[in-house]
Amino acid sequence: MSPYSYKEPVLTLEGVSMSYHGEVILRDIDAQVLDVVRPGMSQGQVVGFYGRSGIGKSVLCRIMAGLITPSQGTVRVGVEQQPVVPGTVGFVQQRYPLFDHRTLHDNLLVAAQRKHAPAAAREQVETYLERFCLTQHRKKYPAHLSGGQRQRAAIAQQLLCSDHLILLDEPFSGLDVAMIDELKKIIVEVTTMDELNTVIIISHDIQTTTALADRLWLLGYERDAAGQLSPGATIAKEHQYNLAEMGLAWHENVEAEPEFGQFVEHIKEEIRRS
Ligand SMILES: Nc1ncnc2c1ncn2[C@@H]1O[C@H](COP(=O)(O)OP(=O)(O)OP(=O)(O)O)[C@@H](O)[C@H]1O
């Protein structure tokens, strides 16, 4: 018997397809993130989301965030499994957009007030400033923050106003090794804050992302019976990996294990072939 128990879904994609001007970008995507409970651990879910450049990862993210409506299919989020609406899913984009004319503190407060009453919002902001090591920079404007500080601020901002689900678009690109380590800690921290927190990481950094993940999705093209590539990328069932079941879900030093290295090579090969 599996040592894991599965609770309710926190994200469901059902029959999601997207075309632009007759060009099929995404086709029939069915995928689900369940709240997996691991023995001795209270942790949310981290999904690594891979695919070759230009295949449709950003389009699918915007669909999952409710920012664009798919041509077909539905996205449901949260334990209530409500159709996604803009603003409920956090989306940290590559440039970490913040309001330039507001201090770091005020940027976070604006986000928190979208979800909380004024007193609770102020309290939440203090908690996040502390947790993300930003308290001493609270009065600075975004232009005066370092890249890593801006990124932490953008993640805190999206967490403050979203309902548990947060998408990180290429979070590791352009960071030095120390900042990557720091961000990995923050992602683990985010998921341990609440069992329902779900982080989807869109990344070309397979090694770093796989080490943090307990689930992987690989977006790729499928071939029909005649060997021809079908139009539109999809996440095939065999490309939805449950790392918890494989013993490779995030734990201290998972990257040092030989099975982890072999699995990362396998994933890279699958991406090359897709
Ligand atoms: N609004 C749009 N109108 C027409 N085509 C679009 C639109 N948005 C995206 N596309 C097309 O959809 C395809 C997928 O783009 P997307 O940005 O999702 O790729 P990606 O997998 O995120 O790539 P990368 O890893 O390089 O960021 C591309 O061919 C792109 O040109």
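Trainee: Into which domains is the protein divided, and which residues belong to each of them?
Mentor: This is a predicted model, and its chain is assigned to two parts, of which domain 2 is a single stretch covering 97-161. The other part is made of three stretches, so that its description has to be written as a sum of segments. The division is therefore domain 2 (97-161) and domain 1 (1-28 + 44-89 + 166-274).

Trainee: How many Å separate the centres of domain 1 and domain 2, and which helix gives the most to the side of domain 1 that touches domain 2?
Mentor: Taken over C-alpha atoms, the centres of domain 1 and domain 2 are separated by 26 Å. The contact takes ten residues from domain 1 and eleven residues from domain 2. On the side of domain 1 that touches domain 2, the residues divide into six nonpolar, two polar and two charged. With six residues, the helix that gives the most to that side is α5 (residues 177-193).

Trainee: Are helix α4 and α5 roughly parallel or oblique to each other?
Mentor: The axes of helix α4 (residues 147-161) and α5 come within 11 Å, and they cross at roughly 15 degrees, with α4 passing α5 in a right-handed crossing. Because angles under 35 degrees count as roughly parallel, the term that applies to α4 and α5 is roughly parallel.

Trainee: Which residues in α5 meet α4?
Mentor: From α4, the residues taking part are Gly148, Gln151, Arg152, Ile155 and Leu159. Counted over the contact of α4 with α5, the residues divide into six nonpolar, two polar and two charged. On the α5 side, the residues are Met179, Glu182, Leu183, Ile186 and Val190.

Trainee: How do the residues of the contact of α2 with α4 divide into nonpolar, polar and charged?
Mentor: The axes of α2 and α4 come within 7 Å and cross at roughly 25 degrees, which makes α2 roughly parallel to α4. In this right-handed crossing, Leu104, Asn107, Leu108, Ala111 and Ala112 in α2 meet Ala153, Ala156, Gln157, Leu160 and Cys161 in α4. The residues of this contact divide into eight nonpolar, two polar and no charged.

Trainee: Are α2 and α3 roughly parallel or oblique to each other?
Mentor: Helix α2 (residues 104-113) and helix α3 (residues 118-131) have axes that come within 9 Å and cross at roughly 130 degrees, and α2 passes α3 in a right-handed crossing. Since angles over 145 degrees would be needed for roughly antiparallel and 65 to 115 for roughly perpendicular, the relation of α2 and α3 is oblique.

Trainee: Which residues in α3 meet α2?
Mentor: The α2 side of the contact consists of His105, Leu108, Leu109, Ala112 and Gln113. The residues of the contact of α2 with α3 divide into eight nonpolar, three polar and one charged. Those contributed by α3 are Pro118, Ala121, Arg122, Gln124, Val125, Tyr128 and Leu129.

Trainee: Which helix provides the largest share of the shell around the ligand?
Mentor: The residues around the ligand are Tyr20, Ile25, Gly51, Ser53, Gly54, Ile55, Gly56, Lys57, Ser58 and Val59. By class, the shell divides into four nonpolar, five polar and one charged. Its largest share, three residues, comes from helix α1 (residues 57-64).

Conventions. Residues are numbered from 1 along each chain as its sequence is written. This is a predicted model: local features need pLDDT of at least 70, side-chain atom pairs count only at pLDDT 80 or more; totals for chains, interfaces and linings use all residues. A residue is near a molecule or strand if its C-beta atom, placed from the backbone, lies within 6 Å of it. Helices (H or I, at least four residues) and strands (E, at least two) are DSSP runs, numbered from the N terminus. Ala, Val, Leu, Ile, Met, Phe, Trp, Tyr, Cys and Pro count as nonpolar, Asp, Glu, Lys and Arg as charged, and the others, Gly among them, as polar. Axes are lines fitted to C-alpha atoms, for helices over the stretch in contact, and angles run from 0 to 180 degrees between N-to-C directions. A crossing is left-handed if the near helix is turned anticlockwise from the far one by less than a right angle, and right-handed if clockwise. Two residues are in contact if their C-beta atoms, placed from the backbone, lie within 7 Å.
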